[in-house]
Amino acid sequence: MTGAVKSTLHDSESALVAVRDLKKHFPMRRRFASEGADHIKAVDGVSFDIPAGRTLGLVGESGSGKTTVGRSILRLIEPTAGEILFDDVNVLALRGRALRGVRRQMQMVFQDPVASLNPRMTAAEIVGEGLQVHRVARGRDLRERVAGLMRRVGLSADDMDGYPHVFSGGQRQRIGIARAIALDPRFIVCDEPVSALDVSVRLQILNLLDDLRRERGLACLLITHDLTVVRRFCDDVAVMYFGRIVETGSAENIFANPRHPYTKALLSAVPVPDPDSRTRRFVLPGEVPDPLNPPSGCPFHPRCPFAVDRCRTDIPDLISWSGAAPRHRTACHYADQDLPLPVTVSAP
Ligand code: SF4
């Protein structure tokens with residue numbers, strides 16, 4: 001076990017999962033290297049804590065780096081630099097049996113329940129695979145445990161011998177969830193767990209995940225682009241843009257008092273029941289920058305309606321600001337000014 005790393009974050013002492021300055025840079029082929037950057041910085045210095053029993057929502061547009069963060073934490077891909085502390089153990093320093101022991105406590109629910117389930121394995125084999133590999137159960141005991149897991153996620157023990165193709169999308173995701181909880185993990189990464197499902201079953205799956213998280217005291221990283229999901233299910237929020245966290249804090253504070261223009265733009269696009277509120281919608285111009293030609297200064301400046309000269313040269317740190325709530329931090333030079341977004345779209 002490594003020693004605990006000192007953190008500047010308030011609750012590092014209670015964090016089950018602590019990510020410190022995580023980086024994942026993908027090398028580019030030579031023909032692209034001459035065009036600018038020789039690495040794509042998919043994740044470039046991300047830090048956060050997740051205490052036991054809490055859910056952190058990691059949000060941002062496609063290409064912001066949030067899935068790379070989730071996969072790096074579980075070492076499904078190897079990070080370039082940084083530390084991932086699980087119960088104060090640096091996961092990146094582990095090998096062999098020690099790594100397998102920690103991995104067992106950290107599981108993932110994948111976005112695509114079709115691609116993530118082996119079509120040649122029955123539901124029982126998929127759910128029970130981890131129990132077998134880690135020699136937790138076998139024979140009749142294994143089958144009984146799998147039957148219990150199937151029932152817990154809303155399936156029947158009669159479904160155990162079915163192959164993935166006979167199940168609906170929602171049922172396949174329930175099998176993926178049963179697999180994820182089979183080894184009694186303490187931390188779970190849910191990567192867009194409902195975005196591939198019919199709208200009619202999304203809420204059922206999210207409620208199931210939330211129930212399991214509560215009854216087992218799981219720490220959870222919920223990766224999503226859907227802020228309505230974050231509002232309903234997350235305790236804390238981290239907003240990612242171009243490989244960095246640009247705003248973080250409690251969900252309550254982020255939704256009530258967003259300070260980064262990117263967060264404000266994302267929130268302005270969230271549908272609300274009051275039709276008058278939609279008149280305040282702001283549509284972000286442009287797209288996430290080309291990682292081969294990253295912008296100077298604040299990465300958001302090419303799209304930001306408030307950008308000034310300083311923004312084109314100075315990278316803002318993720319810091320607290322005058323009047324900020326505890327743990328609310330923002331990477332914008334003008335976070336303390338609460339600049340109102342211009343209105344670009346009226347209610348239809
Ligand atoms: Fe916009 Fe400048 Fe703030 Fe970046 S630092 S979000 S460009 S105002």
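## A hairpin to start with

How many residues sit between S9 and S10 in their hairpin? There are two, and Phe-242 in that turn has a positive phi of about 55°. Keep in mind that this is a predicted model.

The two strands of the hairpin run antiparallel and are joined by six bridges. One pair to look for is Asp-236, which stands opposite Ser-250 in S10. Strand S10 covers residues 244–250, and six of its seven residues are buried, so the rest of the structure largely encloses it.

## The sheet around it

Zoom out and the hairpin turns out to be part of an open sheet of seven strands, ordered S6-S7-S8-S3-S9-S10-S11, with mixed pairing. At the edges are S6 (106–109) and S11 (329–330), each pairing on one side only.

S10 also runs antiparallel to S11, this time with two bridges. Here Thr-248 stands opposite Arg-329 in S11. Elsewhere in the sheet, strand S3 (residues 55–59) runs parallel to strand S8 (residues 219–224), and five bridges join them. In that pairing, Gly-57 stands opposite Leu-222 in S8.

## A helix across the strands

Now look for helix H2, residues 66–73. It lies across S3, S6, S7 (187–191), S8 and S9 (236–241), and it runs at about 150° to S8.

## Around the ligand

What about the ligand? Its surroundings include the histidines His-260, His-301 and His-333, along with Cys-298, Cys-304, Cys-311 and Cys-332. Pro-261, Phe-300, Phe-306, Ala-307 and Tyr-334 are there too. Sorted by class, this shell has nine nonpolar residues, three polar ones and no charged ones.

How values were computed
Residues are numbered from 1 along each chain as its sequence is written. This is a predicted model: local features need pLDDT of at least 70, side-chain atom pairs count only at pLDDT 80 or more; totals for chains, interfaces and linings use all residues. Side-chain values use heavy atoms; hydrogens and water are left out. A residue is near a molecule or strand if one of its heavy atoms lies within 4 Å of it. Ala, Val, Leu, Ile, Met, Phe, Trp, Tyr, Cys and Pro count as nonpolar, Asp, Glu, Lys and Arg as charged, and the others, Gly among them, as polar. Two strands pair if DSSP finds at least two bridges between them. Helices (H or I, at least four residues) and strands (E, at least two) are DSSP runs, numbered from the N terminus. Contact means heavy atoms within 4.5 Å. Axes are lines fitted to C-alpha atoms, for helices over the stretch in contact, and angles run from 0 to 180 degrees between N-to-C directions. Buried means under 20% relative accessible area, exposed over 50%, partly exposed in between (1.4 Å probe, protein chains only).
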